[in-house]
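Please look at the model below before reading on, and keep it in view while you follow the text.

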Amino acid sequence: MKAMLVDENKNLVWQDVEDPVLENDRVMVKICAAALNRADLLQRQGTYPSPPGEPQWMGLEIAGVVTETGKDVTKWKKGDRVCALLGGGGYAEYVSVRENMLMPIPKGLSMEEAAALPEAYATSYLNLYIEGHLEKGKTAFIPAGASGLASVAIPMAKSLGSKVITSVRSTDIIEKISNLGADIIIDTSKENVEDVLKREEEAGNPIWVSMDCLSGETLGKSLPYMARGGYWIVISTLAGTETNVLLRPLLTKGLHLVGSMLRNRTGEFKAYILSELVKNVWPKIENGEIKPSIYKVLPMEKAMEAHGILERCENIGKVVLKVCDE
């Protein structure tokens, strides 16, 4: 089969590799589409390798069709339409996936839409609901509202009954993400995040959970204005690795500052998250309450172009690579 490898100049090259091995508890999937994540950019640069035992080419979420199953597999059969959360290996024609890392594609979705679900939806559900204990009626702050992750997390939180505040870097982005349903969009070219969060706290609407991919200075400045017992979940540090945290509010409010990564969780825990998605979120996708947000679909051969879109932060929603027709 073919897979997308990285050459000595950090370019992506579609080359022949050995076919994946089908083990007893695994399912062989013909990949129709693979969605991009910022982790792919890091992996291409050599700083975020696949976990041991996983294919060394990138790709964390795919959609496709089951072509073969191992002898111990009971849940899936040949011809099933599935999407999968991977440790790596999605930029390819085929992948061998553990049985419990697969989910059925929600009714009515295309392969390209389904490929945009597993990583982003699992990350959002993990950090908002498992780590952050978000409940109906509470408020979530989800920075970087134009990101692919926010395009998932904002509608998810809204559909489950929460108020959502997000942030963008310029006024022209506000209209582009208005369809996501955020209650407040902070334009950081005009207003500081911490000022808005302080105002919301004074109005009786403090932040219960933040799923923060930016971090940096804003984290420390915003933390004092959270709800008592609230959770600030750090999932990345795109805006900086250092901040100044005032310990008194952390102490008196009983706040939780949590670092969280999906990639280093056990397979069993990831399987639990996926089962929760199918139970609690898939019905909302099927009835139209939540819709995958796709910015652009490109053929796999244009993977470098797709990476450029993420590198330049052009996308509003997910970028997806099409591998083949269903």
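The paragraphs that follow lead through a sheet, the helices beside it, another helix with its surroundings, and a pocket.

This is a predicted model, and a good place to begin is its open sheet of six strands, which has the order β10-β9-β8-β11-β12-β13, with parallel pairing. Why is one side of β10 and of β13 left without a neighbour in the sheet? These two strands, β10 at residues 184-187 and β13 at residues 256-259, stand at the edges and have a single partner strand each, so there is no neighbour in the sheet on one side of each. Between neighbouring strands of this sheet the average turn is 15°, if direction is ignored.

To see the pairing in detail, start from β9, residues 163-168, which runs parallel to β10 and is joined to it by four bridges; here Thr166 has Ile185 in β10 as its bridge partner. The pairing of β9 with β8 is also in the parallel sense, over four bridges, and in this pair Phe141 stands opposite Ile165 in β9. Within β8, Thr139 and Phe141 point one way while Ala140 and Ile142 point the other way, and all of them are buried, which means that each has under 20% relative accessible area.

Helices accompany this sheet. Helix α3, formed by residues 118-131, lies across β8, β11, β12 and β13, and runs at about 150° to β11. Helix α4, formed by residues 148-159, packs on the sheet as well, where it touches β8, β9 and β11, and its direction makes about 160° with that of β9.

Now turn to helix α11, residues 303-311, whose buried residues are Ala303, Ala306, His307, Gly308, Ile309 and Leu310. Which elements do the buried residues of α11 pack against? They pack against the strands β1, β2, β14 and β15 and against α1, the last of these being residues 38-44. After α11 comes Cys313, which has a positive phi, near 55°.

Finally, consider the empty space in the model. Rolling a probe the size of a water molecule over the atoms shows where such space is left. The second largest pocket holds about 290 Å³ of space and is lined by 15 residues, among which Asp19, Pro20, Val21, Gly53 and Pro55 lie nearest its centre. Strand β6, residues 94-98, gives the largest share of this lining, namely three residues. Sorted by class, the lining of the second largest pocket consists of seven nonpolar, three polar and five charged residues.

Methods
Residues numbered from 1 in each chain as written. Predicted model: local features only at pLDDT ≥ 70, side-chain atom pairs only at ≥ 80, totals over all residues. Heavy atoms only, no water. 1 Å grid on protein atoms, 1.4 Å probe; cavity = no way out; pocket = protein on both sides within 12 Å on 5 of 7 lines; lining within 4 Å. Points joined across faces, edges and corners; volume = space filled by probe spheres on them. Nonpolar A, V, L, I, M, F, W, Y, C, P; charged D, E, K, R; others polar. Pairing = 2+ DSSP bridges. Axes fitted to C-alpha atoms, helices over the stretch in contact; angles between N-to-C directions. Contact = heavy atoms within 4.5 Å. Buried < 20%, exposed > 50% of the residue type's maximum accessible area, 1.4 Å probe, protein only.
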